[in-house]
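Let's take a stroll through one corner of this protein. Have a look at the model first, and then we'll go through it piece by piece.

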Amino acid sequence: MTTWRTRIEPFTRPLFFLWSRMNRGMTLGVRAITTDDQGRILLVKHTYLHGWWLPGGGVDRGETTHKAVVRELREEAGIIAKSEPRLLSLHSNERFFPGDHVAVFHIDRFEVGERTSHGEIAETGWFAPDALPDDTTKATRARIAEFMGYAPSSPDW
């Protein structure tokens, strides 16, 4: 589904990057591999990006990565973590955005509540690791393969 937000994203992203770079020399993001009792993994579809992604986002000033991933899961998918997020890996996103880094966490104990972010997420879904949607992003596929032990962890996003 192509929305107006998806169409303008290629033009607004450079402005966002410029603003981010002016406000901080390095950026830090988080992504969550959230697994249910059937071994499925939670993915989200944004209203402004193509494909399926691991839930996550930027770490706010003064916020820990652990708190950020818990917050992002609640905002984007209504997932309320009931266990401490476990850090899986840290990646450099230099190819896409110089100075950007992404921490990937695993959460397997949670409750489902209401999403607190409205207008950002078009769809959420639970998928078996070997049956991901065709339009799952390359980085999402790589992080899931690493988590499942199918591939070694890469330092690059």
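Leaving aside its neighbours within four places in sequence, which residues is Thr 47 in contact with? Keep in mind that this is a predicted model. The residues in contact with Thr 47 are Thr 3, Arg 5, Thr 6, Gly 119, Glu 120, Ile 121 and Ala 122. With Gly 119 there's a polar touch too: the side chain of Thr 47 reaches that residue's backbone oxygen at 2.8 Å. Thr 47 counts as buried because its relative accessibility is 14%, and the cut-off for buried is under 20%.

So where does Thr 47 sit? You'll find Thr 47 in the loop between strands β2 and β3. Those two strands form a hairpin, with five residues between them. Check out Gly 51 in the turn, which has a positive phi of about 90°. The hairpin strands, β2 and β3 (residues 52-53), pair in the antiparallel sense over two bridges.

Now follow β2 itself, which covers residues 41-46. On its other pairing, β2 is joined to strand β9 (residues 121-127) by six bridges, and these two run antiparallel. Lys 45 is a handy marker here: Lys 45 stands opposite Trp 52 in β3 and also opposite Glu 123 in β9.

How many of the six residues of β2 are buried? Six of the six are. In a regular strand, side chains alternate between the two faces of the sheet. In β2, both faces are covered: Ile 41, Leu 43 and Lys 45 are buried on one side, and Leu 42, Val 44 and His 46 are buried on the other.

How values were computed. Residues are numbered from 1 along each chain as its sequence is written. This is a predicted model: local features need pLDDT of at least 70, side-chain atom pairs count only at pLDDT 80 or more; totals for chains, interfaces and linings use all residues. Side-chain values use heavy atoms; hydrogens and water are left out. Buried means under 20% relative accessible area, exposed over 50%, partly exposed in between (1.4 Å probe, protein chains only). Helices (H or I, at least four residues) and strands (E, at least two) are DSSP runs, numbered from the N terminus. Two strands pair if DSSP finds at least two bridges between them. A polar contact is a pair of N or O atoms within 3.5 Å; within protein, one must be able to donate a hydrogen and the other to accept it, and residues adjacent in sequence count only if both atoms are side-chain atoms. Contact means heavy atoms within 4.5 Å.
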